[in-house]
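Dear colleague,

I am passing on the structure we spoke about, and it is placed just below. After it you will find my notes, which you are welcome to check against the coordinates.

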Amino acid sequence: MRDGAGLRVENLAVGYGSDSVLQGVEMEVAPGQFAGLIGPNASGKSTFLKAVSRVLRPRSGRVLAGGKDVWRDLSRLQAARLIAVVPQDFPRDFPFTVEETVLLGRIPFVDRIRGERPPDRARAWQAMEATGTLALRDRLFSELAGGERQRVVLAKALAQSPGLLLLDEPTSHLDINHQVEILDLLKRLSRAGGVTVVVVLHDLNLASIYCDSLHLLAGGQLLAHGTPGSVVTRENVEAAYGGRVIVGRHPVHGCPQVTLVSEEAGDGRDVTLATGAQGTARAWPLPGSFRVHVVAGGGSADALMRNLARHGYPLSAGPLNAGDTDWQTGRALGAELITIPPFSAMDKESVRRAAAMMSEAGAVIVAPVPFGHGNLPVLAAAVETARSGTPVALMDAGQATGTRRDFAQGRATALLAEVTQLGAALLAGPDDALAWVRGLAERRKGIDP
Amino acid sequence: MEAPVGGRSHTQDRPARPAGRPAPQRTRRGIALAVLGAGLVVAGGFGVTVGSVSLPPGEVLSILMSKLPWLTTDRLPSWPSSHEAIVLTLRLPRVLLAGVVGASLAVAGGAFQGLFRNPMADPYIIGVSSGAALGASLAIALGVPVTVTGLGGVPLAAFAGAVAAVLLVYAIARVGREVPVGNLLLSGVAVGAFLSALVSLVVVFSRNHIEEIVFWLMGSLAGRGWTHLGAAVPYLVVGSLILLYLARDLNALLLGEEEAAHLGIDVERTKKLILGAASLLTAAAVATCGVVGFVGLVVPHIVRLMVGPDHRSLLPVSAAAGALLMILADLAARTVIRPGELPIGVVTALLGGPFFLYLLRRSRSRVL
């Protein structure tokens with residue numbers, strides 16, 4: 001296999017007739033990289049691939065593959081020797097056998113009179129081996145199952161020995177196991193073979209797991225590009241797609257994972273939500289508008305954080321021990337977390353950062369967590385925050401003043417009493433907390449629009 | 001029917017085929033061509049021997065051999081000169097013309113089916129036959145006295161009508177520099193229907209020519225000789241060669257036009273070439289022997305069932321099979337109701353239809 005050919009797109013504009021589809025799109029993909037193209041329907045992803053694969057001539061701008069302008073420096077045939085495409089729709093009833101289908105990928109290399117030579121068949125053989133379709137070679141393409149079919153289409157593209165492989169939603173018709181199979185295969189190919197891969201993906205979560213870089217198109221323009229962590233954010237996703245999402249972290253890979261939030265579906269608790277349950281659509285706060293910092297630990301804030309996130313309030317929490325239940329919930333909900341090592345006490349630096357985070361938050365809620373010497377400093381910081389005027393509330397008022405939470409010889413009780421005196425709200429549960437936060441947020445909106 | 005999943009496990013379960021061994025597909029093509037070639041020799045032999053006057057095969061062979069320039073003919077027995085005339089001026093050109101026309105219709109049909117990705121396509125799909133029919137029926141009805149190098153007015157008018165119809169369909173279907181095949185198909189059908197209506201009008205208004213027009217429409221090789229063969233062959237040979245040259249591109253077009261472009265093919269140019277070559281082939285065939293149906297539709301399907309859908313096999317084998325079917329059909333047309341003649345189009349349909357249905361039932365596979 002050849003080395004990967006990098007892709008560079010400069011100021012690309014493409015359209016059909018009088019309709020403009022893409023304007024001013026820039027992209028840079030290094031050789032051997034695995035790049036993802038994401039964006040809502042009709043954002044111009046497929047059109048972009050057409051301009052790169054030399055099917056649809058751009059109105060302006062340049063497309064450079066392996067340093068060559070595909071429209072000016074390369075002939076049709078030369079482009080086909082460099083760039084292979086896995087299309088979104090491949091005729092299901094294609095009447096050839098698997099091997100014959102894969103051999104079609106050799107067309108740009110084969111003399112039309114002499115036909116395929118042994119090296120061409122060897123290349124097709126290799127492509128079938130790489131995609132695990134060798135055993136299917138004498139079967140009819142039209143008789144294959146969906147996952148097999150997609151592997152054969154990929155083998156055909158690989159038989160073209162491309163330096164740049166473009167794929168248009170290669171997993172959209174597949175089960176989740178076959179999706180992972182195809183993407184794993186592509187990942188291996190880009191790593192081992194050095195093929196540069198540019199793949200259009202519908203599924204943002206798969207895209208952020210697999211891609212080295214992501215390019216987000218919306219309305220024909222490049223909205224964001226960079227690492228999955230910098231592109232798949234709540235701001236970008238909601239701006240491009242609309243809707244309500246929470247962007248958390250993948251529990252294993254650590255990359256961003258988008259969770260859709262429904263206005264209508266329940267939240268897995270037995271308690272009926274006081275708000276929204278009546279079907280009244282509430283406004284979804286702007287991302288980053290009114291952050292709530294939660295002082296928690298040991299699962300004491302699980303329902304609280306989920307309820308706030310469900311209604312769109314950005315969260316921060318900590319310091320929390322890595323692996324703690326509340327830490328995991330916060331991570332899944334995309335909360336900003338201050339993380340300390342498991343089973344260790346809060347260090348000064350973490351507490352200082354938590355204090356800064358609290359002072360910048362719209363509100364602070366102290367969950368019904370027991371306090372000992374290890375986590376007492378954050379409670380002290382919360383008291384300081386309340387003193388400086390930020391709204392602070394204590395959850396589970398029934399226990400808030402009790403002594404059962406105090407494992408610090410009365411110092412926690414004293415701090416809790418102090419914060420109550422400073423006017424902290426006493427909240428009965430997650431729904432109460434939501435109502436309190438909502439009230440504050442709306443009042444804030446009234447003050448500075 | 002779930003097949004093994006996973007990338008690595010099943011690559012070792014069969015030994016690799018040596019890369020140099022020819023694909024089974026080519027072997028099948030070789031066998032098919034050899035069998036059909038032998039069939040063509042036999043059928044051609046019957047074609048020149050059998051007829052209203054049956055001649056002894058040995059004598060026919062001698063007559064044919066006497067015309068081969070590199071053979072000394074001194075020791076051949078003699079034969080009546082009327083027999084020589086029957087073989088050389090009546091039967092031989094007719095057999096050759098049947099073969100060439102059958103091959104052309106089959107190749108054009110295969111190419112149109114591939115281009116349109118439609119199993120219902122045949123050489124007449126874009127109006128060639130209706131245009132030719134209009135030209136021919138007008139020439140018959142008006143009695144055009146023109147003769148060019150021995151060709152009568154009817155074939156010339158038919159050829160002109162066919163070419164004009166294709167150009168019209170093409171002009172209607174074209175959008176800028178592109179020719180979408182869907183447009184071609186629809187405008188072909190519409191123009192064809194319109195022209196057929198005009199043919200009916202001509203028939204209605206020229207009652208004393210009805211029989212002649214109808215017989216022309218059903219196709220016949222009666223009375224065709226070397227002149228017709230000579231006029232048609234250049235188109236038929238050049239058209240067939242162009243289509244054979246583009247066989248690989250037809251394969252790619254089966255994937256869809258965009259996929260073909262990804263393989264480096266100039267799709268619009270290739271489509272125009274295929275369209276032009278297949279139309280010329282069909283126009284020349286129709287002009288010489290009328291609208292012979294079924295060959296162009298059924299032969300490619302039969303051949304697909306034999307050698308698969310790869311156009312590099314499909315087109316040459318279709319040519320041989322089309323020639324064979326046409327020679328046999330012509331033989332039947334002029335011998336079954338001796339001394340009368342059946343229209344050859346009727347015979348091709350009667351022979352080809354049931355055979356195709358039999359194959360279809362037996363293979364139970366998809367047609368295209």
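How many of the 449 residues of chain A, in per cent, count as buried? The share is 57%, where buried means under 20% relative accessible area, exposed over 50%, and partly exposed in between, with a 1.4 Å probe and protein chains only.

Before the details, please note that this is a predicted model, in which local features need pLDDT of at least 70 and side-chain atom pairs count only at pLDDT 80 or more, while totals for chains, interfaces and linings use all residues. Residues are numbered from 1 along each chain as its sequence is written, chains are lettered from A and ligands numbered from 1 in the order in which they are written, and side-chain values use heavy atoms, with hydrogens and water left out.

Chain A has 16 helices and 18 strands, taken as DSSP runs numbered from the N terminus (H or I, at least four residues, for helices; E, at least two, for strands). Its C-alpha atoms fill a box of roughly 95 × 50 × 45 Å along the principal axes. The chain is divided into domain 1 (7-251) and domain 2 (261-447), with bounds that come from an automatic or database domain assignment, and the C-alpha centres of the two domains lie 45 Å apart. Of the contacts in chain A with a separation of 6 or more, 68% are between residues 24 or more positions apart, a contact being heavy atoms within 4.5 Å.

Strand β1 (residues 7-16) of chain A has two antiparallel partners to report, where pairing requires that DSSP finds at least two bridges between the strands. Seven bridges link β1(A) to strand β2 (residues 19-29) of chain A, with Val14(A) opposite Leu22(A), and these two strands form a hairpin with two residues between them, where Gly17(A) in the turn has a positive phi of about 55°. Five bridges join β1(A) to strand β4 (residues 60-65) of chain A, and there Ala13(A) has Ser60(A) as its bridge partner.

The largest nonpolar core (a set of buried Ala, Val, Leu, Ile, Met, Phe, Trp, Tyr and Cys residues joined through side-chain atoms within 4.5 Å) has 153 residues, and those touching the most other members include Val102(A), Leu165(A), Phe116(B) and Ile126(B). Helix α3 (residues 81-116) of chain B gives the most to this core, with 16 residues. A second, separate core of 32 residues includes Ile246(A), Trp327(A), Ala363(A) and Leu434(A).

In chain B, the buried residues of helix α2 (residues 57-66) are Glu59(B), Val60(B), Ser62(B) and Ile63(B). They cover an arc of only 160° around the axis, which puts them on the same side of α2(B); the arc is that of the directions from the helix axis to the C-beta atoms. Pro56(B) is in the loop between α1 (24-49) and α2 of chain B, and at 41% relative accessibility Pro56(B) counts as partly exposed.

Finally, the count of disulfides, defined as pairs of cysteine sulfur atoms within 2.5 Å, comes to zero over all chains. Cys211(A) is in no disulfide, and the nearest cysteine sulfur, that of Cys255(A), is 10 Å away. Cys211(A) is buried at a relative accessible area of 6%, and Cys255(A) is buried at 10%.

With best wishes
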